[in-house]
Amino acid sequence: MSGHSKWASIKHQKAIKDSRRGQAFTKLSRAITVAAKGGGGDIEGNPSLALAVQKAKDASMPKDNIQRAIDKGTGAGADAESFEEVMYEGYGPGGVALLIEALTDNRNRTGADVRNIFTKAGLALGEPGSVSYLFDKKGVVIVETEHASEDDLMVAIDAGAEDIVAAEDHFEIISEPSDFQAVRKAIESAGIEIASSEVLWRPQVRTEVDEETAGKLFRLLEKLDDNDDVGEVHANYDVDDAIMEKLHG
């Protein structure tokens with residue numbers, strides 16, 4: 001769930017995913033398989049695969065699992081599966097914009113499942129393009145301020161980063177997806193610890209929500225995340241840290 005920019009929220013989201021590691025590995029494996037099928041099994045020569053593998057490594061997925069997923073995509077392994085990428089768009093509680101990325105072997109089943117989750121929450125999916133215009137696809141690297149200064153991060157600008165956004169306790173280093181790996185590598189090579197990094201749909205504007213709305217929104221996000229076919233859910237919510245702490249402890 002990629003929501004507002006505060007690192008407290010990101011850390012919470014990471015904790016949720018860590019608690020569902022088995023399910024997360026299934027989703028990560030599927031993403032690797034799709035990337036390998038689309039662009040081949042050479043990580044250096046397939047940027048999409050490099051991103052998927054990096055994400056799996058960040059989640060501590062074993063090397064054997066990663067290789068099996070690559071083999072499935074290239075047809076080198078048994079039980080090769082055919083998945084396709086699907087994007088769903090809609091508005092959640094409080095008018096929060098949602099972009100839902102899914103990898104599925106049955107588009108009709110997944111569409112019905114996602115639509116059902118929205119319907120049970122009293123919401124409806126939107127048409128393609130109804131929400132995506134509110135987001136830009138960007139590489140985002142998070143570095144906590146205790147590990148680096150803005151001057152230290154100038155190596156990222158030299159490597160192609162577009163901007164460094166300073167927050168209270170962290171920096172967001174923003175790049176085009178094509179420059180993401182080079183930017184991340186430059187930061188690592190400078191000996192700076194990375195808290196989080198991924199290519200995601202970054203909202204252009206954010207929608208502030210109150211405690212009641214946030215509770216409804218997070219229940220919806222968790223229902224979506226529980227679906228095996230749903231990979232990532234991107235949302236433009238902004239929730240106060242105090243509310244976040246109260247809802248999730």
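Biologist: Is V165 buried, exposed or partly exposed?
Modeller: This is a predicted model: local features need pLDDT of at least 70, side-chain atom pairs count only at pLDDT 80 or more, and totals for chains, interfaces and linings use all residues. Residues are numbered from 1 along each chain as its sequence is written, and side-chain values use heavy atoms, leaving out hydrogens and water. V165 sits in strand β4 (residues 163-166); strands are DSSP E runs of at least two residues, helices H or I runs of at least four, both numbered from the N terminus. Buried means under 20% relative accessible area and exposed over 50% (1.4 Å probe, protein chains only), so V165, at 28%, counts as partly exposed.

Biologist: Happy with that! How far apart in space are V165 and I142?
Modeller: In sequence, 23 residues separate V165 from I142. From C-alpha to C-alpha, the distance in space is 9.7 Å.

Biologist: In the open sheet of three strands, which strands stand at the edges?
Modeller: The order is β1-β2-β8, with antiparallel pairing (strands pair if DSSP finds at least two bridges between them). Five bridges join β2 (residues 97-104) to β8, and L98 stands opposite A235 there. A strand with a single partner has one side left without a neighbour in the sheet, so the edges belong to β1 (84-91) and β8 (230-235).

Biologist: E89 is buried, so to speak, in that sheet; how far away is the nearest side chain of opposite charge?
Modeller: E89 belongs to strand β1, and a polar atom of its side chain lies 2.9 Å from the backbone nitrogen of G129. E89 has no salt bridge, meaning a side-chain nitrogen of Lys or Arg within 4 Å of a carboxyl oxygen of Asp or Glu. The nearest oppositely charged side chain is R107 (Lys and Arg count as positive, Asp and Glu as negative; His and the chain ends are not counted), at a distance of 11 Å.

Biologist: How many residues apart in sequence are the parts that R30 and D229 tie together?
Modeller: The side chains of R30 and D229 meet in a salt bridge of 2.7 Å, N to O. R30 counts as buried at 13% relative accessibility, and D229 does at 6%. R30 lies in helix α2 (residues 21-39) and D229 in the loop between α8 and β8, so the separation is 199 residues.

Biologist: Which residues are linked with R30 in a network of salt bridges?
Modeller: D105 pairs with R109 at 3.0 Å, and R109 pairs with D229 at 2.7 Å. Together with R30, the network therefore links, by way of a helix α5 residue and a loop residue, D105, R109 and D229.

Terms used
A polar contact is a pair of N or O atoms within 3.5 Å; within protein, one must be able to donate a hydrogen and the other to accept it, and residues adjacent in sequence count only if both atoms are side-chain atoms.
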